[in-house]
Amino acid sequence: MHKVGVIMGSDSDLPVVEKAIHTLQELGIPTEVHVFSAHRTPEESRAFALGARKAGFGAILCAAGKAAHLAGAIAANTTLPVIGIPIKSSTLDGIDALLSTVQMPSGIPVATVAIDGAVNAALLAAEILAVSDPELAKRLDDRRRADTAKTLEKNAAIEAKYNH
Ligand code: RP5
């Protein structure tokens with residue numbers, strides 16, 4: 001199975017990024033986690049992206065806050081799918097990171113999830129890998145069914161409490 005790369009711009013992003021790591025682990029997807037910064041360690045970021053396909057990655061998650069160029073910088077050096085996670089790490093509540101990540105010019109795509117949307121980033125990466133992996137597709141379907149069941153239970157509890 002392909003690996004998913006999980007890159008964050010700073011270790012201060014880890015509390016959010018851990019949700020993506022855990023989701024990938026729950027789905028049995030091999031992951032590799034790094035702190036690479038588009039601004040502080042641009043050479044390491046570039047080297048990772050250039051070698052990522054050969055190293056067996058199938059998708060790369062990039063989490064960054066503030067002037068969040070990490071996902072774009074990684075996407076500039078690979079044609080693997082890159083998923084950006086804007087992190088709410090600044091006084092602008094993550095709007096800065098959202099716009100920096102989502103507003104890519106034509107030719108260099110970054111699929112951007114919600115601010116702090118780490119779980120969806122992991123699920124999207126899993127869905128990309130599942131296109132050619134029927135067993136992973138089944139695990140995703142099972143997870144979706146379990147989530148639906150939980151929501152139906154919550155609905156039943158609320159209905160029982162208020163609808164008499
Ligand atoms: C970004 O700057 C990082 O992704 C992080 O969200 C933010 C702050 O980084 P630290 O100053 O906490 O290392 O590059």
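In the predicted model, Ser 10 lies in the loop that connects strand E1 (3-8) to helix H1 (14-26). With a relative accessibility of 15%, Ser 10 counts as buried, because the limit for this class is under 20% relative accessible area. The side chain of Ser 10 is joined to that of Ser 12 by a polar contact of 3.0 Å.

Both serines also belong to the surroundings of the ligand, which comprise Gly 9, Ser 10, Ser 12, Asp 13, Arg 40, Ala 64, Gly 65 and Ser 89. Sorted by class, this shell consists of one nonpolar, five polar and two charged residues. The nonpolar member is Ala 64, while the charged members are Asp 13 and Arg 40. The site occupied by the ligand is the largest pocket.

Oxygen atoms of the ligand are approached by polar atoms from several of these residues. For Asp 13, a polar side-chain atom is placed 2.6 Å from a ligand oxygen. For Ser 12, the separation between a polar side-chain atom and an oxygen atom of the ligand is 2.7 Å. Ser 12 therefore has a side chain in polar contact with Ser 10 and a polar side-chain atom within 3.5 Å of a ligand oxygen. Gly 65 contributes through its backbone, a polar atom of which is 3.0 Å from an oxygen atom of the ligand. Of the 360 Å² of accessible area that the ligand has on its own, 76% is covered by the protein.

The backbone was also examined for unusual phi values. Most residues other than glycine have a negative phi. Lys 66, which is not a glycine, has a positive phi of about 60 degrees. Lys 66 is located in the loop between strand E3 (57-65) and helix H3 (70-75). Its relative accessible area is 48%, so Lys 66 is classed as partly exposed. Gly 65, one of the residues around the ligand, falls within the range of strand E3 (57-65), which precedes this loop.

A positive phi of about 60 degrees is likewise found at Asp 93, again a residue that is not a glycine. Asp 93 occupies the loop between strand E4 (82-87) and helix H4 (95-102). The relative accessible area of Asp 93 is 46%, and this residue is therefore partly exposed. Ser 89, another residue around the ligand, has a number between the end of strand E4 (82-87) and the start of helix H4 (95-102).

Definitions and conventions
Residues are numbered from 1 along each chain as its sequence is written. This is a predicted model: local features need pLDDT of at least 70, side-chain atom pairs count only at pLDDT 80 or more; totals for chains, interfaces and linings use all residues. Side-chain values use heavy atoms; hydrogens and water are left out. A residue is near a molecule or strand if one of its heavy atoms lies within 4 Å of it. A polar contact is a pair of N or O atoms within 3.5 Å; within protein, one must be able to donate a hydrogen and the other to accept it, and residues adjacent in sequence count only if both atoms are side-chain atoms. Accessible areas come from the Shrake-Rupley method with a 1.4 Å probe; for residues, only the protein chains shown count as cover. On a 1 Å grid over the protein atoms alone, a cavity is a set of points where a 1.4 Å probe fits but cannot get out, and a pocket is an open set with protein on both sides within 12 Å along at least five of seven lines; lining residues have an atom within 4 Å of a point. A molecule sits in a cavity or pocket if more than half of its atoms lie within 2 Å of its grid points. Helices (H or I, at least four residues) and strands (E, at least two) are DSSP runs, numbered from the N terminus. Buried means under 20% relative accessible area, exposed over 50%, partly exposed in between (1.4 Å probe, protein chains only).
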